[in-house]
Amino acid sequence: QALLTPEDAVLSDELNHASIIDGIRLCKANKYRYKHMDMQDLEAKLQDAQKHRLRLVATDGAFSMDGDIAPLREICQLAQKYDALVFIDECHATGFLGPSGRGTDELLGVMDKVTIINSTLGKALGGAAGGYTTGPKPLIDLLRQRSRPYLFSNSLPPAVVGCASKALDLLMESNAIAQSMAAKTQRFRSKMTAAGFTISGKDHPICPVMLGDARLAAVMAEDMLNRGIYVIGFSYPVVPKGKARIRVQISAVHSDEDIDRCVEAFTEVGRKHGALP
């Protein structure tokens, strides 16, 4: 809202997070929605949007429900071709994606091509509250003067700032945490696939176990909780009809034994409810 006017256009992935969608609705720019990670459709929309003063491509870096990663290389190439800016939301990437945990732009080698990054302090960087925007200094100066969520909200509690600062220190000192996350994610995904489950996305610690049936997802998640494993069942309207799943999130504090026990529990529960033969 602070950046775009009725003269401008915003091009949004159809599966962007609800917060991005609400932010786009609040601004007065012309709105284009392209098919999920479909670069042909994005290019067609960029061609249509050439009549507008400013074009902004908005996408999640990593999508929270499916665990898939935006094709940022291709998005940045199209943005350069059609003179557009690139905005990515890194809430589900900051701290663990990329060799040193800097996010999807580091993972895909486009750190110098993304214009604006929004992310959170409330997930990998502490799990409490708060967030931030990075970008060109003139943009940040503009947001400090005109961004309503920034101007009309309280400062972060000192404990949250201290926690996030320490998390950043740990990530900057060593890439061990980011590398361990990648290894643990691969362990869980490969073992679950070998057990017969379908895991959406690729190489992301958000691991959606695709089940299709809403009731099945709910009863399996409840049975997993009874076994001491906290996972969440998602179904319509949070995800499309027929795409019900249990979302598993791998953490740096999980041990290999934790992951193996989770897979064993999923296998037992899946067989009990007919999700596995």
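Of the 277 residues of the protein, 44% count as buried. The model described here is predicted. The protein has 10 helices and 10 strands, and its radius of gyration of 20 Å is close to the 19 Å that the globule rule gives for 277 residues, so the protein is as compact as a globular protein of that length. Two open sheets, one of 6 strands and one of 4 strands, are described below, together with the cores, one buried threonine and several backbone features.

**Overall dimensions and surface**

- Taken along the principal axes, the box filled by the C-alpha atoms is roughly 60 × 40 × 35 Å.
- The accessible surface comes to about 14,600 Å², and carbon and sulfur atoms account for 53% of that surface.
- Among contacts in the protein with a separation of 6 or more, 62% are between residues 24 or more positions apart.

**The sheet of 6 strands**

- The strand order in this open sheet is β2-β1-β3-β4-β5-β6, with mixed pairing.
- Its edge strands are β2 (30-34) and β6 (131-134), each of which pairs on one side only.
- From one strand to the next, the twist averages 15 degrees.
- Strand β1 (residues 9-13) runs parallel to β3, and 4 bridges join the two.
- A9 has R55 as its bridge partner in β3.
- Helix α1 (residues 18-26) lies across β1, β2, β3 and β4 (85-89), at about 155 degrees to β3.
- Helix α3 (residues 72-81) lies across β2, β3 and β4, and runs at about 155 degrees to β4.

**A buried residue in β3**

- T59 is part of strand β3, which spans residues 55-60.
- The relative accessibility of T59 is 0%, so T59 counts as buried.
- Leaving out residues up to four places away in sequence, T59 touches D13, N16, I20, Y34, A70, L72, I75, F87, I88 and D89.
- Of these contacts of T59, I20 lies within the residue range of helix α1 (18-26), while L72 and I75 lie within that of helix α3 (72-81).

**The sheet of 4 strands**

- This open sheet has the order β7-β8-β10-β9, and its pairing is antiparallel.
- Strands β7 (198-199) and β9 (232-234) form the edges, each pairing on one side only.
- Strands β7 and β8 run antiparallel and are joined by 2 bridges.
- Residue I199 stands opposite V209 in β8.
- Helix α8 lies across β7, β8 and β10, and its direction is at about 20 degrees to β8.
- Helix α9 lies across β8, β9 and β10, running at about 35 degrees to β10.

**Nonpolar cores**

- In soluble globular proteins, nonpolar side chains tend to be buried together.
- The largest nonpolar core here has 25 residues, and F188, V209, I246, V248 and F266 have the most contacts inside it.
- At least two residues of this core come from each of α8 (176-195), β8 (206-212), α9 (214-226), β10 (244-249) and α10 (256-272).
- Helix α10 supplies the largest share of this core, 6 residues.
- Beyond its neighbours within four places in sequence, F188 is in contact with C207, V248, I250, I259, C262, V263 and F266.
- A second, separate core has 24 residues, including A70, L78, Y82 and I117.
- A70, a member of this second core, is also among the residues that T59 touches.

**Backbone features in loops**

- The peptide bond from Y236 to P237 is cis, with omega near 10 degrees.
- P237 is located in the loop between β9 and β10.
- M37 has a phi near 55 degrees, a positive value in a residue other than glycine.
- The loop between β2 and α2 (39-48) contains M37, and this residue counts as partly exposed at 27% relative accessibility.
- D83 likewise has a positive phi, near 55 degrees, and is a residue other than glycine.
- D83 is placed in the loop between α3 and β4, and its relative accessibility of 60% makes D83 count as exposed.

Conventions. Residues numbered from 1 in each chain as written. Predicted model: local features only at pLDDT ≥ 70, side-chain atom pairs only at ≥ 80, totals over all residues. Heavy atoms only, no water. Buried < 20%, exposed > 50% of the residue type's maximum accessible area, 1.4 Å probe, protein only. Contact = heavy atoms within 4.5 Å. Core = buried A, V, L, I, M, F, W, Y, C linked by side-chain atoms within 4.5 Å. Pairing = 2+ DSSP bridges. Axes fitted to C-alpha atoms, helices over the stretch in contact; angles between N-to-C directions. Rg over C-alpha atoms; globule rule 2.2 N^0.38 Å. Areas by Shrake-Rupley, 256 points an atom, 1.4 Å probe, with all protein chains shown as cover.
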